[in-house]
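Thanks for passing this one along. Here are my notes, set out as numbered points so that you can follow them with the model open.

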Amino acid sequence: MLLQPDGKILASGDGGLKRFNSNGTLDSSFNVAVNGMIWKMVQQLDGKILIVGEFTSVGGQPHVKLARIGSTP
């Protein structure tokens with residue numbers, strides 16, 4: 001999991017990366033499909049998120065073990 005500066009929480013599991021609002025409700029505007037396990041997430045200063053793990057596809061695009069995604073995919 002990753003706590004974002006705005007209080008939202010990123011969580012990985014069940015084949016994807018999901019975001020929850022600060023009140024715990026699911027943020028339906030953010031849902032990224034990942035075909036494997038995410039080991040680590042880091043938010044960069046520009047708001048983009050680096051993910052590292054055992055995957056070959058993120059958001060339907062080929063990415064092997066490392067991907068950089070926008071904060072609003």
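The points below cover the sheet, the salt bridges, the nonpolar core and a surface patch.

1. A word on the source before anything else: this is a predicted model. Please read each value below as computed from that prediction.

2. Let's start with the sheet. Four strands make up an open sheet, running in the order E1-E2-E3-E4 with antiparallel pairing. At the edges sit strand E1 (2-3) and E4, each of which pairs on one side only. In general, strands of a sheet pair through backbone hydrogen bonds, either parallel or antiparallel.

3. Within that sheet, have a look at E2 and E3. Strand E2 covers residues 9-13 and strand E3 residues 16-20, and five bridges join the two in the antiparallel sense. If you want a register marker, Leu 10 stands opposite Arg 19 in E3.

4. How many salt bridges does a search of the whole structure find? The search gives three. As background, side chains of opposite charge can pair when their charged atoms come close.

5. One of them joins the side chains of Lys 8 and Asp 27, with 3.4 Å from N to O. Lys 8 is in the loop between E1 and E2 while Asp 27 is in strand E4, so this pair ties together parts that lie 19 residues apart in sequence. Lys 8 counts as partly exposed, because its relative accessibility is 22% and the buried class stops under 20%.

6. Asp 27 also meets the side chain of Arg 19 in a salt bridge, here at 2.8 Å from N to O. Arg 19 counts as buried at 5% relative accessibility, and Asp 27 counts as buried at 7%. You may want to check the surroundings of Asp 27: leaving out residues up to four places away in sequence, Asp 27 touches Lys 8, Arg 19, Phe 20 and Asn 21.

7. The remaining pair to inspect is Arg 68 with Asp 46, whose closest N and O atoms are 2.3 Å apart. This pair links distant parts of the chain, with Arg 68 in strand E9 and Asp 46 in the loop between E5 and E6, 22 residues apart. Arg 68 is partly exposed, at a relative accessible area of 41%. Elsewhere, salt bridges with shared partners join Lys 8, Arg 19 and Asp 27 into one network.

8. Now for the nonpolar interior. The largest nonpolar core has 14 residues, and Leu 17, Ile 51 and Val 58 have the most contacts inside it. Strands E4 (26-33), E5 (37-43), E6 (49-54) and E9 (66-69) are the elements that give two or more residues to this core. More broadly, nonpolar side chains tend to be buried together in soluble globular proteins.

9. Which residues does Val 58 touch, not counting residues up to four places away in sequence? They are Val 32, Ala 33, Val 34, Ile 51, His 63, Ala 67 and Ile 69. Ile 51, in that list, is also one of the residues with the most contacts inside the core.

10. Finally, the surface. Met 37, Trp 39, Val 52 and Leu 66 form a nonpolar patch there, with about 430 Å² of accessible area together. Met 37 has its place in strand E5. Met 37 is classed as exposed because its relative accessible area is 55%, and exposed means over 50%.

Notes: Residues numbered from 1 in each chain as written. Predicted model: local features only at pLDDT ≥ 70, side-chain atom pairs only at ≥ 80, totals over all residues. Heavy atoms only, no water. Core = buried A, V, L, I, M, F, W, Y, C linked by side-chain atoms within 4.5 Å. Buried < 20%, exposed > 50% of the residue type's maximum accessible area, 1.4 Å probe, protein only. Contact = heavy atoms within 4.5 Å. Patch = residues over 30% accessible without salt bridge, like charges linked within 9 Å, V, L, I, M, F, W, Y side chains within 5 Å. Areas by Shrake-Rupley, 256 points an atom, 1.4 Å probe, with all protein chains shown as cover. Salt bridge = Lys/Arg side-chain N within 4 Å of Asp/Glu carboxyl O. Pairing = 2+ DSSP bridges.
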